[in-house]
Structure formats: C-alpha cells, structure tokens
Amino acid sequence: LVSYPAFSEEDNAPSCESVVVREWTEYLDAALGKDSYLTVKHKLHAFHPDYFARRSGLFSYSNSNRAAARALQAPQAQTETPSAPHPSRTAQSIRLDIADLARFFKNPAQYYCSRVLGVHLDDPTETALEDSETFLPGSLDQFEIRDRILEVLLLDPLPDRAVETLRAQLVSDALLPLGAWGKKWFGEQIAELTSLLDTRWERIGILRKALQARKTAPSEIRSLPLDVNGVHITLDGKIPLIELSGNGGTTREIALTFRCGAPRADVRLSAWLSHLFLHATQRHASSVVVQGKKADSKTKTFLLETPENFDAAEELKSILSIYLDGLRQIPPFTPECALAYAENGTQDSTAMEAAKSRWFSGHTPLHSGDANPYFRAKLGENGPFHDEAVFADLARRIMEPMLKAERKLEQGGE
C-alpha cells in the first residue's frame, strides 16, 4: 500500500507525485503491466458524499463524516439567511447577548477582527503537520473526547456497553488512536472523569448530580436595558439555574459553570459576567465555577457571591463601556495576563512581572497569549504591555471586582 498526495489541498487541482513514487509506478508498469496494481483517487474532503454512496469505489466508517455528507446533499432553503449583525461603532442602540460579551473579553483582538472588520486569520497550530506521529490525541481532540465521555457518563442510567460503543465511535471519527495505546489512554480518561464526577464539593454536593440537574434545569431569556455612554444597550441572556437542597430543607439556586480541562481565566470571567447579569435582572443566585480534568489539586472550584449593596447593573455598565471602546480600538487586554496582574496586585512591579510572565514564558495557553494569531497580529510581540498604565487600569477594572466576589471551594462540605 502506497499513499501520496496527488491533488492540491486548497483547490483539489492535480499535482505531481514525488520522484520516488513516479519511478516505482514506472517500474511496475514495465515489469508487470498497468493492471498489476490498483489506483484509488480519494476526494479532497473526508465528508464527500461518494464515500457513502454505493458503487462509488470509496467507503468510510465515520459517522460524523456521513452526517456531514447528508447535510451537503439535503435540499437548501431558497430564503436568504441573514448573517450575524456586526456591532456598529456608531450605533445608538445595540442588542447584545451575555455570551457574546464574554466572547469579546475572551479575545478582544479576534472579536474586533471578525465582528468589526470581517477578517479571519489562519491559526498555524491548527494546520501545521507534526514532525512525527504521536501516540495520543492532540490537545483540542482530547478536549472533544473528554466532552463526549462526559455526555455518556452523565446518562442516568448508564446503558450497557455505552462506554465501549463510544470508544468505537471515537476510533471511527479518527479522534482516538487505534491499538493498545488508544485503548489504554481512553480507559485512563474514563477512570479520571468518573473519579472527578464522584467528588463532593461545597455548595453543589456531588458534581455528577449537579451536572445532571443542570441538563434539565429550566432557563428563561432575560433582558436588561442599560444606557452606556449615550448608547442604549439591551443585554440578553439565558442562564440555567439548578436548585439544590441545603441544611434544614432549604433550597438555593446555583448557576454552575463546568469546564473539563485545565483552568482558564476567560472561563472564570465569563461566569462572572453571567453572575452580574443574573443579579442585575433581580435573580439573586450564587454561581459556581469548576474547572479540571480529574479529582486532584489542579481542579479549581470557585464560588461567586456579590456583597451586600453591590450594584451589579453599574458594574455591567463599566464593563460595557470597555466593550464599546473595543469596537473602535482593540484594548490591550488578555484574560490570562490581566488575571495574573490582578491576583498579584499588592505591588505594581510584582503584578506586572506576573502578567508579563504569562505572555513571555512560553507556556501561555494558545487561546490567550502570543501563540494566538489574533493577539500576535494585533498586539505585537510585546503583547498588551505597550502602555503598561492602560493595561493595568483595564486589569483592575475587569478582574478586581471578580476576585473580591470569588471564594475558593474545597472538596467535601455539605
């Protein structure tokens, strides 16, 4: 079996094979004849309908690619689907979803490029080929695999052979490596996630039960009208709230945020924005953020509770003013750097060093540091530190109120 690229990955145009392949086929033609071997020409995309059509000469076992092929063949509606509205930099009225506001603060540079300029940058980390084949899935594939494992483990009751069926699906979707390595790694994820789901935390109890309750929790679309710098903003949100029983038969409402992965600053900030929105719309619930991959010290859990007489609407206005400014000029802000600064804010020099270490250390997460193409293109090599005073002011305004409202939760408790 010899495989080689014979078509362009961009437009599927024919391209020349390597000299070695050409010499090999010429040798076979001369020695055995052209009928001595079979040439199969594959399509540009794995979801091409021919892979799932009879008598096409091609086949695939991938369920996800089959679904994509069916979607391509489905009749398309003739009505034009409107694109998502770009926020106007001069609009006097804006309707904004709380999740969209969180996307802005996750990566202001990407938000500005995609929503205001309509520009999308390629991420070389997503398209670059590895120098050598690895035995384990990449980081993004690992996140998807764990997410799909969680969907199965949260089923109640858990169907027979559900885990084994999932492993077969992941293999067919080319997410999980074949053989003993893939099977061993998959088994480790099952054990680690099962252990994590069975942990008990303050305020929410056993994580598995809390997540199962969140799947069926009712949620309603709430709206909050605000006037910010002469612009009327209607902030919408739909946040599910779970009801948990406390001591003495009391119940409490919790907005639960869970990420099955390494702790990230933007996830905490997103939960804070949702928490502010709930309180500004007179829904006085607590918020809990859980981030981790297994039941160990690296799993971080925080409780968000606003102090008495705290004006959540005014805090949202302050945040929205930064958003409006960000539609005109990209703010020098990344969540990881800003959080590092705010957490070390007792001394400006120490805090700034902590923030810069998140950018220059070489260990910055792809989503929030100089490895991200949008941050790299718009903030430059020095990141958000071109004007340290502006960066420090933004970090304080955005992160300090969140840190004051946060409290770490420990395993165990009620």
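The exercises below, with worked solutions, concern a predicted model.

**Exercise 1.** Determine which residues of strand 4 (residues 221–228) form its covered face and which its uncovered face.

*Solution.* In a regular strand, side chains alternate between the two faces of the sheet. The covered face of strand 4 holds Arg222, Leu224, Leu226 and Val228. Ile221, Ser223, Pro225 and Asp227 make up the uncovered face.

**Exercise 2.** Describe how strand 4 pairs with strand 5 (residues 231–238).

*Solution.* The two strands run antiparallel and are joined by eight bridges. Leu226 has Ile233 of strand 5 as its bridge partner. Two residues lie between the strands of this hairpin, and Asn229 there takes a positive phi near 50 degrees.

**Exercise 3.** Identify the residues with the most contacts inside the largest nonpolar core, and the helix that gives the most to this core.

*Solution.* The largest nonpolar core has 66 residues, and Leu101, Phe105 and Met399 have the most contacts inside it. Helix 10 (residues 265–280) gives the most to this core, contributing ten residues. Another core, of 33 residues, lies apart from it and includes Leu150, Ile190, Leu196 and Leu207. Leaving out residues up to four places away in sequence, Leu101 touches Leu96, Leu273, Ile319, Leu320 and Tyr323.

**Exercise 4.** Characterise the contact of helix 3 (residues 98–106) with helix 10.

*Solution.* Start with the geometry: the axes come within 9 Å and cross at roughly 145 degrees, and the crossing is right-handed. Next, list the residues: Ile98, Leu101, Ala102, Phe105 and Lys106 in helix 3 meet Asp266, Leu269, Ser270, Leu273, Ser274 and Phe277 in helix 10. Finally, sort them: seven are nonpolar, two polar and two charged.

Methods. Residues are numbered from 1 along each chain as its sequence is written. This is a predicted model: local features need pLDDT of at least 70, side-chain atom pairs count only at pLDDT 80 or more; totals for chains, interfaces and linings use all residues. Side-chain values use heavy atoms; hydrogens and water are left out. Buried means under 20% relative accessible area, exposed over 50%, partly exposed in between (1.4 Å probe, protein chains only). Helices (H or I, at least four residues) and strands (E, at least two) are DSSP runs, numbered from the N terminus. Two strands pair if DSSP finds at least two bridges between them. A nonpolar core is a set of buried Ala, Val, Leu, Ile, Met, Phe, Trp, Tyr and Cys residues joined through side-chain atoms within 4.5 Å. Contact means heavy atoms within 4.5 Å. Axes are lines fitted to C-alpha atoms, for helices over the stretch in contact, and angles run from 0 to 180 degrees between N-to-C directions. A crossing is left-handed if the near helix is turned anticlockwise from the far one by less than a right angle, and right-handed if clockwise. Ala, Val, Leu, Ile, Met, Phe, Trp, Tyr, Cys and Pro count as nonpolar, Asp, Glu, Lys and Arg as charged, and the others, Gly among them, as polar.
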